[in-house]
Amino acid sequence: MLNPFASRKRSFLVRVNPLAKIAASLVFTSIAFALQEIQTAGLVASVFIFLMLWEVKLTLRLILITIALLMIFTLIAVGLSQGDWNFAIANTFRLLAITLPTPLLSATTPPASLVRALQVLRLPSFLVLSVMLTWRFLPLMQRETTRIIEANQLRGIDLSRQPRYLVSGLFIPLIFRIVSYADEVAIGLETRGYDPDSPRSMSQPLTWSFSDTLFTLSCFGLLWGIFYV
């Protein structure tokens with residue numbers, strides 16, 4: 001499972017203004033909570049599934065695991081609704097519509113673009129720095145987890161089949177790596193004279209482009225489709 005949320009560098013959504021993507025994610029996630037009909041929930045879920053498959057490099061293993069989990073969720077919903085398949089499928093679509101915008105936004109928004117967007121919003125510096133570090137640390141921790149798992153496999157330990165080694169073989173090494181990275185980041189900020197209270201500047205200011213207009217029109221088109229269906 002390598003870089004499940006890595007986006008294509010030249011994909012359409014990567015070029016879209018992060019503020020537009022954040023606003024669209026908030027709008028569609030909020031709407032998804034209110035979706036009840038299978039047609040509307042299916043429409044929104046289908047759009048996000050297409051974007052995930054088109055814009056993000058998903059591994060076959062991750063796709064199969066996701067499908068299996070969705071099937072389990074659907075069967076549980078069928079059982080709870082006493083055999084109402086329409087209700088179960090609608091809730092599965094709604095679950096996808098609620099959960100997919102966040103990983104899609106994360107995979108298609110470079111950290112530098114996100115920081116520029118947050119600075120435009122005039123958010124506090126400490127909050128911008130925290131978001132930037134968290135945004136960068138998530139894929140880093142994922143790569144470290146993969147490396148640790150592969151190192152265990154070289155030693156003949158399959159953590160998926162030998163869960164008793166999870167703490168000593170995965171969690172403890174991962175915590176040490178996180179602490180090590182945190183120290184390196186702190187030293188890097190100190191040596192570069194980082195001051196959260198100093199005024200910030202942008203080498204590449206955010207601008208409104210044709211991609212942003214096309215993205216916005218597409219969002220309005222999806223909204224029209226939701227209310228029309």
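This briefing walks through the confidence, aromatic pairs, surface features and salt bridges of the structure above. The model is predicted, with an average pLDDT of 82 for the protein. A search of the whole structure turns up three salt bridges, and there are two aromatic pairs to look at as well. If you have time for one spot, try Glu144, which is linked with Arg147 and Arg177 in a network of salt bridges.

**Confidence**

- Of the residues, 92% score a pLDDT of at least 70.
- Residues 1–5 are a stretch to treat with care, with pLDDT below 50. Beyond near neighbours in sequence, this stretch still has 22 contacts in the model.
- Where pLDDT is low, predicted coordinates should not be read in detail.

**Aromatic pairs**

- Two numbers help when you look at such pairs: the distance of the ring centres and the angle of the planes describe a pair of aromatic rings.
- Phe28 and Phe48 make an edge-to-face pair, with 6.1 Å from centre to centre and 80° between the planes. Phe28 sits in helix α2 (residues 18–34) and Phe48 in helix α3 (residues 38–55), so this pair, 20 residues apart, links distant parts of the chain.
- Both of these residues, Phe28 and Phe48, are buried.
- Phe50 and Trp54 form a stacked pair, at 6.2 Å centre to centre and with 10° between the planes. These two residues are four apart in helix α3, so about one helical turn separates them.
- Trp54 is exposed, as its relative accessible area is 56% and the cut-off for exposed is over 50%.

**Surface and backbone**

- A nonpolar patch on the surface is formed by Ile65, Leu69, Ile72, Ile76 and Leu80, which together have about 510 Å² of accessible area.
- Within this patch, Leu80 belongs to helix α4 (residues 60–80). Leu80 counts as exposed because its relative accessibility is 71%.
- Gln82 is worth a look for its backbone: its phi is positive, at about 60°, although Gln82 is not a glycine. This residue lies in the loop between α4 and α5 (85–99).
- With 77% relative accessibility, Gln82 also counts as exposed.

**The Glu144 network**

- Glu144 pairs with Arg147 in a salt bridge whose closest N and O atoms are 3.2 Å apart. Both residues lie in helix α8 (residues 125–154), three residues apart, which is about one turn of the helix.
- Glu144 also forms a salt bridge with Arg177, where the closest N and O atoms are 3.4 Å apart. Since Glu144 is in helix α8 and Arg177 in helix α9 (residues 166–191), this pair ties together parts that lie 33 residues apart in sequence.
- The two partners of that bridge have their own surroundings: Glu144 is buried, with a relative accessible area of 5%, whereas Arg177 is partly exposed, at 31%.

**The Asp158 salt bridge**

- Asp158 and Arg161 meet through their side chains in a salt bridge, with 3.9 Å from N to O. The cut-off for a salt bridge is within 4 Å.
- Asp158 is partly exposed, with a relative accessible area of 28%, while Arg161 is exposed, at 73%.

Conventions: Residues are numbered from 1 along each chain as its sequence is written. Side-chain values use heavy atoms; hydrogens and water are left out. Rings of Phe, Tyr and Trp (its six-membered ring) pair if their centres lie within 6.5 Å; planes under 30 degrees apart count as stacked, over 60 as edge-to-face and the rest as tilted. Buried means under 20% relative accessible area, exposed over 50%, partly exposed in between (1.4 Å probe, protein chains only). Patches are made of residues with over 30% relative accessible area and no salt bridge: like charges are joined within 9 Å, nonpolar side chains (Val, Leu, Ile, Met, Phe, Trp, Tyr) within 5 Å. Accessible areas come from the Shrake-Rupley method with a 1.4 Å probe; for residues, only the protein chains shown count as cover. pLDDT is the predictor's confidence in each residue, from 0 to 100. Contact means heavy atoms within 4.5 Å.
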